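Hi,

Here is the structure I promised to send over. Have a look at it first, and then read my notes below.

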Amino acid sequence: MKIRKLLRLYLEKEGYSVMEAQNGEEAREMFQQDEPCFVITDLMMPKFSGEQLCRWIRNEQKSDIPIMMLTAKITESERIAGLQMGADDYIIKPFSPQEVVVRVNTILKRMANRCSKISYRGLMIKTQSCEVKYNGVDIALTQHEFKLLHFLMKHPNQILSREQILNELYPNDERSVIDRTVDVHVGKLREKIEVSCQTPSFFQTVRGMGYRFVAY
């Protein structure tokens, strides 16, 4: 637990959003819900080991996201078996948290933009594949609804004016549209996300100013 908290501290300091699982079963649930860009797992996790988690991610989830294994000691043959199973890196305890951060940075740089997503409170948007999900359930949006959601989620807890939103949705100054258009799009997002999926309130109207995406 101390190692987990320490790694979280260092990774968040680097700017990463970090989720913690106390055991392998919880890790599986979180993986399905949040689809992380990187997994760091202890080899000896309770309930569902790091090796089992790695095999599950590769074989059942068909995911190629990077997986880093933490372990107290391991033989060369075990390390080779783990790499063949799908692990991308091994770190032997004791280790420096800063070394973990450097290795994570290095691996993610090689991935470039393969994992371009934003996620808050179970709501996730993937800009590369144009996917939107809440707790793992797909949400179908129109092109403008998707662009609006992405714009709001890129600026969490910030008030965005209708003018700013119109400029984002209609960059070529297609000004047959009016401020009311923004209200309609936000209304559709509320209907498709908050009402249909019974989510917490994400979209706040700030009277006389605009809208805010409530991330926390």
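What follows is a short rundown of the core packing and one helix pair.

Bear in mind that this is a predicted model. The largest nonpolar core has 27 residues, and the members touching the most others are Leu123, Leu149, Ile165, Phe203 and Phe213. Several elements put two or more residues into this core: strands E4 (117-120), E5 (123-126), E6 (131-134) and E10 (210-213), plus helices H6 (143-154), H7 (162-169) and H8 (179-195). H6 is the top contributor, with six residues.

Phe213 is a good place to start clicking. Ignoring neighbours within four places in sequence, Phe213 is in contact with Tyr120, Leu123, Leu149, Leu152, Met153, Pro156, Asn157, Gln158, Phe202 and Phe203. Apart from the largest core there is another one, of 18 residues, which includes Ala27, Val39, Phe48 and Ile74.

Now for the helix pair. How do H6 and H7 sit relative to each other? Their axes come within 10 Å and cross at roughly 125°. That angle is over 115 but not over 145 degrees, so it falls outside the perpendicular and antiparallel ranges, and H6 and H7 are therefore oblique to each other. The crossing is right-handed.

On the H6 side, the residues involved are His144, Lys147, Leu148, Phe151, Leu152 and Lys154, and they meet Gln164, Ile165, Glu168 and Leu169 of H7. Sorted by class, that contact has five nonpolar, three charged and two polar residues.

Cheers

Technical notes
Residues numbered from 1 in each chain as written. Predicted model: local features only at pLDDT ≥ 70, side-chain atom pairs only at ≥ 80, totals over all residues. Heavy atoms only, no water. Core = buried A, V, L, I, M, F, W, Y, C linked by side-chain atoms within 4.5 Å. Buried < 20%, exposed > 50% of the residue type's maximum accessible area, 1.4 Å probe, protein only. Helix = DSSP H or I, 4+ residues; strand = E, 2+ residues; numbered from the N terminus. Contact = heavy atoms within 4.5 Å. Axes fitted to C-alpha atoms, helices over the stretch in contact; angles between N-to-C directions. Parallel < 35°, antiparallel > 145°, perpendicular 65-115°, else oblique. Left-handed = near helix turned anticlockwise from the far one by under 90°. Nonpolar A, V, L, I, M, F, W, Y, C, P; charged D, E, K, R; others polar.
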